[in-house]
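Thanks for sharing this one with me. Here are my notes, point by point, to read alongside the model.

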Amino acid sequence: MADGEFTLIGASAVRTQLPTGHRARRLHTHWLSFVVLGIIIAGCMAAPLLSNHDPAHFYLQDINEPPSSEFYFGTDSMGRDIYSILWYGGRVSLSIGVLSMIISSTIGIAYGCLSGMGPDWLDNIMMRTAELTSSIPSILLMLLLLAFIPKPGILSISIVIGITHWMNLARIVRGEVRQIRGSEYVWASRLMGAGLPHIALRHLLPNFLSPILFMLVASIGSAIMIESTLSFLGIGLPVEVVSWGSMLSLAGRALLTNSWWVVVIPGMFLVITLVCITNIGQTFRKHVIKKSSNL
């Protein structure tokens, strides 16, 4: 019988019939996110070179000026050049995102490892505590903590966001640890007298880091968005500390004066950054799923 008279069916056939154009577009989207985010980060790092006005100066004679050849993105209601402060504000927002991720991941990983390696009674207590804490709206916890901070700064905002967003990561780490704590290399290390910190760093972390990597990347975008929300509500960074969130805190006044550029341009940078970070996080997640399915 001639070739081509039989048609393959099953999972392998489904994989071969996936449209190559769709895969190519998806790959291009992922690389585009890396490139765009890299350009934004590079621009924020090179803020002194890109800015054409003093970001701390108030040009009171040019309040709410629309975009022009002198002020590329216009000025806000305080007379500040939006183009210049946009790059400096990105520094602050990205710093808060990274610091919050470091704080929340440190707490979540340590808590999850201790719960996963501990006895059942300790695991139950720690997981019920984490579930009870996560059931409280995070905005209420942040409001409670910010009430004790007279003047929030970059570090204090990062700490508040970090210590209120570690619970989901801790539950995932705990589940991963419970699966691998009975492995031979873990038992060998325990029999040789190794403590929990040594086991967590040398044996546990390398095994569950890949599954949680997408959560770590996504938490950076979440922290940036939370900081912007807090600043928009007037309970985050003060206006004199320039960030994308504090720039958006002037949105109400800008809408009253029909100064659309004060809201649209910082909001566009914020949305593009969040979309890129989310897309990169999904890329890591799909890579982990693909890797586990091939095992």
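1. Helices (H or I, at least four residues) and strands (E, at least two) are taken here as DSSP runs, numbered from the N terminus. On that basis the chain has 13 helices and 0 strands, and its elements run α-α-α-α-α-α-α-α-α-α-α-α-α from the N terminus on.

2. A word on the source: this is a predicted model, in which local features need pLDDT of at least 70 and side-chain atom pairs count only at pLDDT 80 or more, while totals for chains, interfaces and linings use all residues. Residues are numbered from 1 along each chain as its sequence is written, and side-chain values use heavy atoms, with hydrogens and water left out.

3. How much of the chain is buried? Of its 295 residues, 41% count as buried, where buried means under 20% relative accessible area, exposed over 50%, and partly exposed in between (1.4 Å probe, protein chains only). Methionine 117, in helix H4, counts as buried because its relative accessibility is 13%. Its C-alpha lies 9.3 Å from that of alanine 200, although methionine 117 and alanine 200 are 83 residues apart in sequence.

4. Do look at the nonpolar surface patch of about 510 Å², made by Val98, Leu99, Ile102, Ile154, Leu155, Ile159 and Ile163. Helix H4 (82–117) and helix H7 (154–162) are the elements that give two or more residues to this patch. Patch residues have over 30% relative accessible area and no salt bridge, with nonpolar side chains (Val, Leu, Ile, Met, Phe, Trp, Tyr) joined within 5 Å and like charges within 9 Å; a salt bridge is a side-chain nitrogen of Lys or Arg within 4 Å of a carboxyl oxygen of Asp or Glu. The areas come from the Shrake-Rupley method with a 1.4 Å probe, and for residues only the protein chains shown count as cover. Isoleucine 159, in helix H7, is partly exposed because its relative accessible area is 36%.

5. The backbone has a spot to check in the loop between helix H3 (47–50) and H4, where asparagine 64 is found. Asparagine 64 has a positive phi of about 55° although it is not a glycine. Most residues other than glycine have a negative phi.
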